[in-house]
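Below are my notes on the model you asked me to look over. They are set out as numbered points, to be read with the structure in view.

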Amino acid sequence: MLKKIASKLVPILIILALAVAPSFAEPVAKVKDFPGGEGVAEFLENLEGVEIAAAYVQNEYSDTAIVVIPLSEGSTVELYGALLNEEYEIIPDREDMIANAPTGWGLRFWCIVPEGMPNVVVMVTDADGNEYTWYPFYSGEDGSFITDEEFIPF
C-alpha cells in the first residue's frame, strides 16, 4: 500500500517542484537610485575599474540620479524615452535616444522616477546583440525602488 501511495505521490511532487521553481534570468546590469542625488558622488568615487559616462540631466525637475553599470565588458547602455505599445507594454522610443555610454561603460542620468508610467527606458545590449530593457520606477505600494532579475540592485 505504501508503495502504491509513493508511486502516485512522487510524480505529483516532481510536477509541483517544476511548476513552482523560479526561472531566473542572468543579470546584465547593476542599478542604484539616489533620490535628490544624495550619496551619488561618494558611490562613484568608491567604484573601482568602472568607467561612467558623463551625467545626463533630463530636465530641471529631475530629482533622482540613477547609475546603471553593465556586468559584461562588451555591453552598451542606452537611455530612451518611454512609449506604450499596442499591448500596453512599456517599450523604448527608438526615435528618442536620450543618452548612451561607450561599450563597457556605465551610465549616470537624472530623471523623475515615477510611481506610475515611466518616462525613460534603459536598454543594455550585450556583445551578441541581445537587448534587455528596464525602466526605473518606485513601487506605488511601499515606495521601494523596483528592479528585476536582469537589472539587479547594488
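**Notes on the predicted model**

1. I begin with β1 and β9, which run parallel and are joined by 3 bridges. Within this pairing, Lys-30 has Ile-152 in β9 as its bridge partner. Please keep in mind throughout that the model is a predicted one.

2. The pairing of β1 with β9 belongs to an open sheet of 5 strands, whose order is β2-β6-β3-β1-β9 and whose pairing is mixed. At the edges of this sheet stand β2 (56–57) and β9 (151–153), each of which pairs on one side only.

3. Just past the edge strand, Phe-154 is found in the segment after β9. Leaving aside neighbours within four places in sequence, Phe-154 is in contact with Lys-30, Val-31 and Lys-32, and also with Phe-43, Leu-47 and Ile-69. Phe-154 and Asp-33 are 121 residues apart in sequence, yet their C-alpha atoms are 9.5 Å apart in space. Despite these contacts, Phe-154 counts as partly exposed, because its relative accessibility is 39%.

4. For orientation in the chain as a whole, there are 2 helices and 9 strands, and from the N terminus on the elements follow the order α-β-α-β-β-β-β-β-β-β-β. Of the contacts with a separation of 6 or more, 69% are between residues 24 or more positions apart. Buried residues account for 35% of the 154 residues, while the chain exposes about 9600 Å², of which carbon and sulfur atoms supply 54%.

5. Which residues have the most contacts inside the largest nonpolar core? This core has 22 residues, and those in question are Ile-66, Val-68, Leu-107, Phe-109, Val-122, Trp-134 and Phe-151. At least two residues of the core come from each of β1 (29–35), β3 (64–70), β4, β6 (107–111), β7 (120–125) and β8 (131–134). Apart from this core lies another, of 8 residues, which includes Val-40, Phe-43, Leu-44 and Ala-65.

6. Ile-66 deserves a separate look within the larger set. Not counting residues up to four places away in sequence, Ile-66 touches Leu-107, Arg-108, Phe-109 and Cys-111, together with Val-113, Trp-134, Pro-136 and Phe-145, and its contacts also include Lys-32 and Asp-33.

7. A second pairing to inspect is that of β4 with β5, which run antiparallel and are joined by 7 bridges. Here Glu-78 stands opposite Asn-100 in β5. The two strands form a hairpin with 5 residues between them.

8. The turn of this hairpin contains Tyr-88, which lies in the loop between β4 (76–84) and β5 (90–100). I would draw attention to its backbone, since phi of Tyr-88 is near 65°, a positive value in a residue other than glycine. Is Tyr-88 buried or exposed? Tyr-88 counts as exposed, because its relative accessibility is 67% and the cut-off for that class is over 50%.

9. Tyr-88 also takes part in a nonpolar patch on the surface, which it forms with Leu-84 and Met-117. Together these residues have about 360 Å² of accessible area.

10. How many salt bridges does a search of the whole structure find? The search finds 1, in which the side chains of Arg-94 and Glu-131 meet at 2.6 Å, N to O. This pair links distant parts of the chain, with Arg-94 in strand β5 and Glu-131 in strand β8, 37 residues apart. Arg-94 counts as partly exposed because its relative accessibility is 48%, and Glu-131 is likewise classed as partly exposed because its value is 42%.

11. Glu-131 appears again among the contacts of Thr-125, a residue found in strand β7. Not counting residues up to four places away in sequence, Thr-125 touches Gly-74, Ser-75 and Thr-76 as well as Asn-130 and Glu-131. Thr-125 counts as buried because its relative accessibility is 16%, which falls under the 20% cut-off for that class.

Notes. Residues are numbered from 1 along each chain as its sequence is written. This is a predicted model: local features need pLDDT of at least 70, side-chain atom pairs count only at pLDDT 80 or more; totals for chains, interfaces and linings use all residues. Side-chain values use heavy atoms; hydrogens and water are left out. Patches are made of residues with over 30% relative accessible area and no salt bridge: like charges are joined within 9 Å, nonpolar side chains (Val, Leu, Ile, Met, Phe, Trp, Tyr) within 5 Å. Accessible areas come from the Shrake-Rupley method with a 1.4 Å probe; for residues, only the protein chains shown count as cover. A salt bridge is a side-chain nitrogen of Lys or Arg within 4 Å of a carboxyl oxygen of Asp or Glu. Helices (H or I, at least four residues) and strands (E, at least two) are DSSP runs, numbered from the N terminus. Buried means under 20% relative accessible area, exposed over 50%, partly exposed in between (1.4 Å probe, protein chains only). A nonpolar core is a set of buried Ala, Val, Leu, Ile, Met, Phe, Trp, Tyr and Cys residues joined through side-chain atoms within 4.5 Å. Contact means heavy atoms within 4.5 Å. Two strands pair if DSSP finds at least two bridges between them.
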